[in-house]
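Q: Could you walk me through this protein in simple terms, taking it one piece at a time?

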Amino acid sequence: MIYLVMINVLSFFIMGLDKVKAKKQRYRISENTLLFVALIGGSLGSYLAMYCFHHKTKHIKFYMGIPLILFIQILIYCFYFYTKF
C-alpha cells in the first residue's frame with residue numbers, strides 16, 4: 001500500500017514537472033517514461049495530474065491509455081484482495 005501511494009505521488013509530480021517544462025520549452029520527460037510510471041502502479045496519479053494540469057489530454061495514448069491502465073490495475077487489485085480474503 002505504501003508503494004502505491006509513493007508511485008502515485010511520483011507520477012503526479014513528474015506529470016506536473018513535464019507540464020512546467022513544456023511551458024518553459026525546456027528538456028521534457030519522455031512519453032515512454034510517463035507511461036511506464038503509470039504502468040508500474042502510478043496510473044491514478046497520472047490520471048489526476050492529466051486533468052489537474054491539463055497535460056497530455058489531447059494525446060490518444062494518454063487520454064485512452066491512462067484510464068485503460070487504471071481500469072486494468074483496479075481489476076487486478078480487486079481480484080488480488082478478493083482472492084486473499
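The chat below goes from the overall layout to one helix and its surroundings.

Q: Before anything else, what kind of model is this, and how many helices and strands are there?
A: This is a predicted model, and the protein in it has 4 helices and 0 strands, so that along the sequence the pattern reads α-α-α-α.

Q: What does the C-alpha trace span?
A: Along its principal axes, the C-alpha trace spans about 50 × 25 × 20 Å.

Q: Ok, on to α2, what does that helix span between its ends?
A: Helix α2 covers residues 31-53, and whereas a straight helix of 23 residues would span 33 Å, its end C-alpha atoms are only 16 Å apart.

Q: Hm, where does α2 bend?
A: The bend is at Gly42, where α2 turns by about 130 degrees, and Gly42 is also one of the buried residues of this helix.

Q: Which other residues of α2 are buried?
A: Besides Gly42, the buried residues include Leu34, Leu35, Val37, Ala38 and Gly41, and further along Ser43, Gly45, Ser46, Ala49 and Met50.

Q: And what covers them?
A: The cover includes α1 (2-23), α3 (60-63) and α4 (65-84).

Q: What comes right after α2?
A: His54 follows α2, and the phi of His54 is positive, near 55 degrees.

Q: Switching topic, how much of the whole protein is buried?
A: Of the 85 residues, 32% are buried, while the protein exposes about 6,200 Å², with carbon and sulfur atoms supplying 73% of that area.

Q: Last one, what about contacts between residues far apart in sequence?
A: Taking contacts between residues at least 6 apart in sequence, 66% join residues at least 24 apart.

Definitions and conventions:
Residues are numbered from 1 along each chain as its sequence is written. This is a predicted model: local features need pLDDT of at least 70, side-chain atom pairs count only at pLDDT 80 or more; totals for chains, interfaces and linings use all residues. Side-chain values use heavy atoms; hydrogens and water are left out. Helices (H or I, at least four residues) and strands (E, at least two) are DSSP runs, numbered from the N terminus. The expected span of a helix is 1.5 Å times one less than its number of residues. The bend at a residue is the angle between axes fitted to the seven residues ending there and the seven starting there. Buried means under 20% relative accessible area, exposed over 50%, partly exposed in between (1.4 Å probe, protein chains only). Contact means heavy atoms within 4.5 Å. Accessible areas come from the Shrake-Rupley method with a 1.4 Å probe; for residues, only the protein chains shown count as cover.
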